[in-house]
Amino acid sequence: MTTREARGGTLVIGGGYAGSIVARKLGRLGATIVSPDNFVLYTPLLPEAASGMLEPRHVVVPLRQMCPHAELLLGRAVSLDERERAVVAETLGGTYAVRYQRLVIALGAIARSLPVPGLSEHGRGFKDVADAIALRNHVLRTLEAAAATLDPAEAERQLGYVFVGAGYAGVEALAELGDLVHDAVRRDFPELRERPQRWVLVDAAERILHEVPQRLGRYAAQELQGRGVEIHVGTTLTSYDGRAAALSDGTVVPARTLVWTAGVRANPVVAELGLPLDERGRVVVDEMLRVRGREDIWALGDCAAVPNTATPGRVDPPTCQHALRQARQLAQNLHGPQRPYGYRMLGQVATLGRYKGIADVLGLRLRGFPGWFVARTYHLYALPLLPRRIRVVTDWTVALLFRRDVSELSAVGHPRRLEP
Ligand SMILES: Cc1cc2nc3c(=O)[nH]c(=O)nc-3n(C[C@H](O)[C@H](O)[C@H](O)COP(=O)(O)OP(=O)(O)OC[C@H]3O[C@@H](n4cnc5c(N)ncnc54)[C@H](O)[C@@H]3O)c2cc1C
């Protein structure tokens, strides 16, 4: 196998939120990034990309622009040879052993699915930009199907939407897509105005948004219930056949749409690397973000169990704000004096569509419009690169002035073949 050297001696596997910030912070010191996509997705804005509030391309940032001094190899890391200090990467240009002096593992997480009958065949994930685009087109298609059918039971199924997992991703996705359907029916589907819709949020925990303080979680639940969303907490999905979802509390929801947002688990590729893992499959690192027992390998983000000196005894939750701070510290530790990582959370924010949101920032708890405004402002700050921020603000402004686009573009990505 051909061998090549990582630029500047640093190899970053995984060019997501954490890995890209490490490479960007290294600047002219250089790095080689191995990643399957040539962009970074800023996931907190994914629900708005799914609802069409934001252009999907604006919630991703090209890696080549974000890390101009890094070398990008589009592909996947598949194995690690610690003795040779090399990672085998299957890239678009062939398979290589990429040699490193410093290795950074930033492989993120994947959706955590459960063996629920019918889920993997009929459920939809919500993890990346392709999921968001597909979900938007699917939801618009359910409106078209409900408008076209003469069968009331089928119309009911088309207008049934179930979201399993009431963390940030599930709550925000439901709220944003609910807005999309609400606006589309009000303005573009007069034949559906009298048809009942059913929006259902399910979670095994005892309350929704268990990450935020109870008072804000309660407000979010009341806000959604006020819009007619049914919330089933302490409840699990027992089966889904593409036509109806059965819940553990006995409820059966006729629905052509089921979105699974019930958590994530560490990328299983990390288990192939032969490094120490915790009980949840995350790479074990010390406070310098160095993999336990290794001199030249570091790990961070959702694939790592990162201890935090500001929260002794607890490892970081899988969030962008933690990944950002870990990445900044790690970039310093790679070349400068080693310092332990410590970060106290500034707060948490979530948007609920319709100019409503919640924010718990620096002890200030806001809800409604102020919560929404703070949530959006925070996302603008955390989104990498000024031109991206400007595009996002432009999208938000345009959305204020014009009605939503209800074009259903599921044919995109499936071009017709040329006739012979
Ligand atoms: C829908 C959704 C909404 C979210 N909303 C929020 C929010 O509102 N606020 C918040 O703080 N956090 C949110 N998060 C969590 C946040 O996205 C993560 O904590 C953050 O992205 C972690 O960064 P990471 O680099 O560890 O992982 P990722 O950003 O997921 O990056 C991992 C990278 O590794 C790449 N990769 C995978 N396999 C390989 C391989 N074999 N070789 C090379 N590269 C590989 C992937 O393509 C990806 O680019 C959300 C997550 C999701 C899914």
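This report walks through a predicted model of a protein, from its overall build to its core, its ligand shell and one well-covered helix.

## Overall build

Let's start with the whole chain. The protein holds eleven helices and 25 strands. Its radius of gyration is 22 Å, close to the 22 Å that the globule rule gives for 420 residues, so the protein is as compact as a globular protein of that length. Along the principal axes, the C-alpha atoms fill a box of roughly 65 × 65 × 45 Å.

Of the 420 residues, 43% count as buried. Many contacts also reach across the sequence: among those between residues at least 6 apart, 65% join residues at least 24 apart.

## The nonpolar core

In soluble globular proteins, nonpolar side chains tend to be buried together. Here, the largest nonpolar core has 122 residues, and V22, I105 and L300 are the ones with the most contacts inside it. Helix α7, residues 168–188, gives the most to this core, with ten residues.

L300 is a good place to zoom in. Setting aside its neighbours within four places in sequence, L300 is in contact with A18, A106, L289, V306, A323, Q326, A327 and L330.

## Around the ligand

How many residues surround the ligand? There are 33, and the closest are G14, G16, G108, G301 and T319. By type, the shell divides into 18 nonpolar, eleven polar and four charged residues.

Several elements each supply at least two residues of this shell: α1 (17–26), β3 (32–35), β6 (71–81), α7 and α9 (320–335). Two domains take part as well, since the shell draws at least three residues from domain 1 (2–111 + 265–335) and at least three from domain 2 (119–262).

## A closer look at α1

Helix α1 is worth a second visit, as one of the elements that supply the ligand shell. Is this helix mostly covered or mostly open? It is mostly covered, with nine of its ten residues buried. Those buried residues are Y17, A18, G19, S20, I21, V22, A23, R24 and L26. Two of these names have come up before: V22 is among the residues with the most contacts inside the largest nonpolar core, and A18 is one of the contacts of L300.

What covers the buried residues of α1? The cover includes the strands β2 (10–13), β3, β4 (39–41) and β9 (102–105), along with the helices α3 (63–66) and α9. Just after α1, G27 takes a positive phi of about 50°.

Note on methods: Residues are numbered from 1 along each chain as its sequence is written. This is a predicted model: local features need pLDDT of at least 70, side-chain atom pairs count only at pLDDT 80 or more; totals for chains, interfaces and linings use all residues. A nonpolar core is a set of buried Ala, Val, Leu, Ile, Met, Phe, Trp, Tyr and Cys residues joined through C-beta atoms within 7 Å. A residue is buried if 20 or more other C-beta atoms lie within 10 Å of its own, exposed if 12 or fewer, and partly exposed in between; C-beta atoms are placed from the backbone. Helices (H or I, at least four residues) and strands (E, at least two) are DSSP runs, numbered from the N terminus. Two residues are in contact if their C-beta atoms, placed from the backbone, lie within 7 Å. The radius of gyration is taken over C-alpha atoms; the globule rule is 2.2 Å times the number of residues to the power 0.38. A residue is near a molecule or strand if its C-beta atom, placed from the backbone, lies within 6 Å of it. Ala, Val, Leu, Ile, Met, Phe, Trp, Tyr, Cys and Pro count as nonpolar, Asp, Glu, Lys and Arg as charged, and the others, Gly among them, as polar. Domain bounds come from an automatic or database domain assignment.
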